[in-house]
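Take a moment to look over the sequence and the fold before reading on. The notes below walk through some of the contacts that can be found there.

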Amino acid sequence: MVTTTAIADLCIFLLTWNVGTHSPRNLSLTSLLALNGTTNCPGNQLPDIYVIGMQEVSTKQVLNIFQDDPWVLKIASHLQDHEYFKVDSKQLQGILITMFTQHKHIPHMKNIETEATRTGLGGLWGNKGAVSIRLSLYGTGAVFVCSHLAAHDDKLKERIEDYHQIVDNHKYQASGYRRIFDHDFVFWFGDLNFRLSGDSSAWDVRTAAEGMRYDELLKQDQLNLLRETGNAFSLLEEQAPNFAPTFKFIEGTNDYDLKRRPAWCDRILHRVQRNIYPGVTLSATQLSYQSNMEYTLSDHKPVSATFNYKVETANQTDEELHEMTHAGASTPGTPNVSLTFAFIMLVALPYSQLCFRFFL
């Protein structure tokens, strides 16, 4: 019997939230980021990695290429006390993705790239589309995609087109991982904007939601129906939501705005190619999937999920696995994250202090 060893056994926290152009201001994210003493990670430990996607981030502020978005700075201010470091961020107008990690994982992150695809106005406008971060994580190819698809009940065709446009146009430089679905691990989340099919009224949907008849409503869910027919998102899987529809709420409350039928617009899906390499087993066990009703800033509720990201091998290190999976090639123009963070550790500053001392 072959004995395997876990070279990576990580808890990854994913979050998506359409913030409706609101600024974070004095908003506390302690509960949202599971920093309140209760997490869904094994042993109630803090996540190893955070990947956060947002939609409808305000673009009214003066563009400053040397300054992160206020939401990224707010997240960093919460995570710095727990010794997390920013890996990368990417923003396309109001669509934003950012990744933070514990320091011990930095040497195991390589070939980091970001990408963006516009789908608004036939690909000319970035109010809709996707941003992503891909990397070699403990030798495996992982990609995190945050998207905001076409809105409104009657725009299902446009949402399908948005999905395929993102899949077709998202391209990377990493050898062997040129496309999203070339990756060993794919995590896709965001305001996907899928609504309920059928002619149930907003009042009927609200009544069913209040009665926690989620299974009944999810049978009408456009995303589930599309995945079954293979028209979009069929390569990904999703744990069935066991929480109320996350859209549309009256801002500042937990009451549905019945101008729209409540729907699960905000979703988190994933895919793992489990046995693609000889002697290597990959897995991403989902540990949680939930909304956070405490946050009433926008007409969407934030949705989060945690995954146990595991890489098990018979006799390989993650360096050897990286050489095999990425063909030993470095990404042209991509800095070595280990060297970048070695500098950060050298100056021994928390992320926000480093930001402000360097950029101001």
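## An aromatic pair at Tyr 289

Tyr 289 is buried, with a relative accessible area of 7%. In this predicted model, the ring of Tyr 289 pairs edge-to-face with that of Phe 243, with 5.2 Å between the centres and 90° between the planes. Phe 243 is buried as well, at a relative accessible area of 6%. Phe 243 belongs to the loop between helix 5 and strand 9 while Tyr 289 belongs to strand 10, so the pair ties together parts that are 46 residues apart in sequence.

## Other aromatic rings

The count of aromatic pairs comes to 16. One of them joins Phe 13 and Tyr 50: their ring centres are 5.0 Å apart and their planes meet at 50°, so this pair is tilted. Phe 13 sits in strand 1 and Tyr 50 in strand 2 (residues 49–55), so parts 37 residues apart in sequence are tied together here. Phe 13 and Tyr 50 are both buried.

Rings also gather in a group: Phe 144, Phe 185, Phe 187, Phe 307 and Tyr 309 make up one aromatic cluster. A charge can meet a ring too, as Lys 301 shows, for its charged end sits over the ring of Phe 249, 4.7 Å from the centre.

## The nonpolar cores

Which residues touch the most other members of the largest nonpolar core? They are Leu 14, Leu 137, Phe 144, Phe 187, Phe 189 and Tyr 309, in a core of 54 residues. A second core, separate from this one, has 22 residues, among them Leu 15, Leu 32, Leu 33 and Val 72.

Leu 14 is a good place to look around. Leu 14 is part of strand 1 (residues 5–18), and its relative accessible area is 0%, so it counts as buried. Leaving aside neighbours within four places in sequence, the contacts of Leu 14 include Val 51, Phe 144, Phe 187, Phe 189, Ile 268 and Phe 307. With Phe 144, the separation is 130 residues in sequence but 9.2 Å in space, C-alpha to C-alpha.

## Helix 3 and its buried side

Where do the buried residues of helix 3 point? Helix 3 covers residues 202–210, and its buried residues are Ala 202, Val 205, Ala 208 and Ala 209. These residues span an arc of only 130° around the axis, which means that they lie on the same side of helix 3. An α-helix has 3.6 residues a turn, so residues three or four places apart point the same way.

Helix 4 (214–218) is among the elements that cover the buried residues of helix 3. After helix 3 comes Met 212, which has a positive phi, near 55°.

## Salt bridges across the chain

Side chains of opposite charge can pair when their charged atoms come close. How many salt bridges does a search of the whole structure find? The search finds 9.

One salt bridge joins Asp 153 and Arg 261, whose closest N and O atoms are 3.2 Å apart. Asp 153 is in the loop between strand 7 (140–148) and helix 2 (156–169), and Arg 261 is in the loop between helix 5 (222–229) and strand 9 (266–272), so distant parts of the chain, 108 residues apart, are linked. Asp 153 is partly exposed at 31% relative accessibility, whereas Arg 261 is buried, with a relative accessible area of 14%. Through shared partners, salt bridges join Asp 153, Arg 195 and Arg 261 into one network.Another salt bridge brings together Arg 267 and Asp 221 (3.0 Å, N to O). Arg 267 is in strand 9 and Asp 221 in the loop between helix 4 and helix 5, 46 residues apart. Arg 267 and Asp 221 are both buried. Glu 237 and Arg 274 form a salt bridge at 3.7 Å, N to O. Glu 237 is partly exposed, with a relative accessible area of 34%, and Arg 274 is partly exposed at 36%.

## A buried threonine

Is Thr 246 buried or exposed? Its relative accessibility is 0%, so Thr 246 counts as buried. Thr 246 lies in the loop between helix 5 and strand 9. Not counting residues up to four places away in sequence, Thr 246 touches several others, including Ala 263, Trp 264, Ser 291, His 300 and Lys 301.

Note on methods:
Residues numbered from 1 in each chain as written. Predicted model: local features only at pLDDT ≥ 70, side-chain atom pairs only at ≥ 80, totals over all residues. Heavy atoms only, no water. Core = buried A, V, L, I, M, F, W, Y, C linked by side-chain atoms within 4.5 Å. Buried < 20%, exposed > 50% of the residue type's maximum accessible area, 1.4 Å probe, protein only. Helix = DSSP H or I, 4+ residues; strand = E, 2+ residues; numbered from the N terminus. Arc of directions from axis to C-beta. Contact = heavy atoms within 4.5 Å. Salt bridge = Lys/Arg side-chain N within 4 Å of Asp/Glu carboxyl O. Phe/Tyr/Trp six-rings, centres within 6.5 Å; stacked < 30°, edge-to-face > 60°. Lys NZ or Arg CZ within 6 Å of the ring centre and 35° of its normal.
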